[in-house]
Amino acid sequence: MSVTQPQPHARRLEPPDVAPAVERAGQGDERRRHPAGRRSSDRRSYVPSGRTGCRVVDLPRVNDPRGNLTFVESQDTIPFSIERVYYLYDVPGGESRGGHAHRQLEQFVIAAAGSFEVLVNDGAHTERFFLNRSYYGLYIPRMVWREIDEFSSGSVCLVMASHHYDESDYYREYDEFLAASRAGDRAP
Ligand code: TYD
């Protein structure tokens with residue numbers, strides 16, 4: 001099966017009617033230093049939760065002079081079992097990805113290299129997250145519209161997902177998603 005067919009350009013979500021909360025997950029962490037081989041953070045520590053149900057997870061770090069290591073474990077670091085992993089790379093400057101929501105799928109997004117921004121909207125609230133460290137991940141529950149943009153050169157967007165790919169799980173029209181959300185189909 002070919003997976004290279006061009007997709008319609010993701011519809012740009014209109015600016016929110018509520019002021020977006022801006023999470024700058026990576027800022028200021030350059031100053032953190034930890035002994036080699038020691039975990040730098042508790043795996044359950046969270047950067048503040050957002051109103052959309054999305055949250056930035058401060059992942060465990062095993063710092064080492066040979067190179068640092070971060071890991072993700074199902075049902076522990078993240079609240080679902082990982083059934084699929086995919087990644088976005090070679091994203092041309094100015095491009096955006098996403099532009100959809102999922103009926104059931106939960107996802108966990110990591111800037112494995114470089115940086116990008118993730119705009120999320122649950123039908124009532126909008127937030128924008130900036131990911132620029134490979135030890136932060138953004139948890140996105142079901143029924144959240146997302147758009148990913150502002151990719152830096154050479155960035156890699158690593159995504160862990162709760163289910164295999166299923167086109168019928170997508171809302172690709174924002175109005176359709178919004179109607180379902182307003183009818184009460186929301187992430188818990
Ligand atoms: P899509 O989820 O729309 O990409 P993005 O959200 O990153 O913009 O998927 C783009 C295409 O890639 C789509 O036609 C189907 C294919 N695809 C797969 O075959 N398997 C996958 O796991 C994913 C995520 C996409």
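**A colleague's note on the sheet, a surface patch and helix α1**

1. Let me start with a small landmark: Y89 sits in the loop that links β5 to β6 (97-102). Please keep in mind throughout that this is a predicted model.

2. Y89 also belongs to a nonpolar patch on the surface, in the company of V85 and Y87. Together the three residues have about 340 Å² of accessible area.

3. Now for the sheet. Five strands make up an open sheet, and going across it you meet β2, β10, β7, β12 and β5, with antiparallel pairing. The edges are held by β2 (55-58) and β5 (84-88), each of which pairs on one side only. From one strand to the next, the twist averages 25 degrees.

4. Within that sheet, have a look at β7 (residues 107-113) and β10 (residues 136-140): these strands run antiparallel and are joined by four bridges. If you would like a residue pair to find your way by, take Q107, whose bridge partner in β10 is I140.

5. Helix α1 (residues 174-182) is my last stop. Which of its residues are buried? They are Y174, F177, L178, A180 and S181. Viewed down the axis of α1, these buried residues fall within an arc of 165 degrees, so they line one face of the helix. As a general reminder, an α-helix has 3.6 residues a turn, so residues three or four places apart point the same way.

6. And the other side of α1? There, D175 and R182 are exposed.

Technical notes:
Residues are numbered from 1 along each chain as its sequence is written. This is a predicted model: local features need pLDDT of at least 70, side-chain atom pairs count only at pLDDT 80 or more; totals for chains, interfaces and linings use all residues. Side-chain values use heavy atoms; hydrogens and water are left out. Two strands pair if DSSP finds at least two bridges between them. Helices (H or I, at least four residues) and strands (E, at least two) are DSSP runs, numbered from the N terminus. Axes are lines fitted to C-alpha atoms, for helices over the stretch in contact, and angles run from 0 to 180 degrees between N-to-C directions. Patches are made of residues with over 30% relative accessible area and no salt bridge: like charges are joined within 9 Å, nonpolar side chains (Val, Leu, Ile, Met, Phe, Trp, Tyr) within 5 Å. Accessible areas come from the Shrake-Rupley method with a 1.4 Å probe; for residues, only the protein chains shown count as cover. A salt bridge is a side-chain nitrogen of Lys or Arg within 4 Å of a carboxyl oxygen of Asp or Glu. Buried means under 20% relative accessible area, exposed over 50%, partly exposed in between (1.4 Å probe, protein chains only). The arc is that of the directions from the helix axis to the C-beta atoms.
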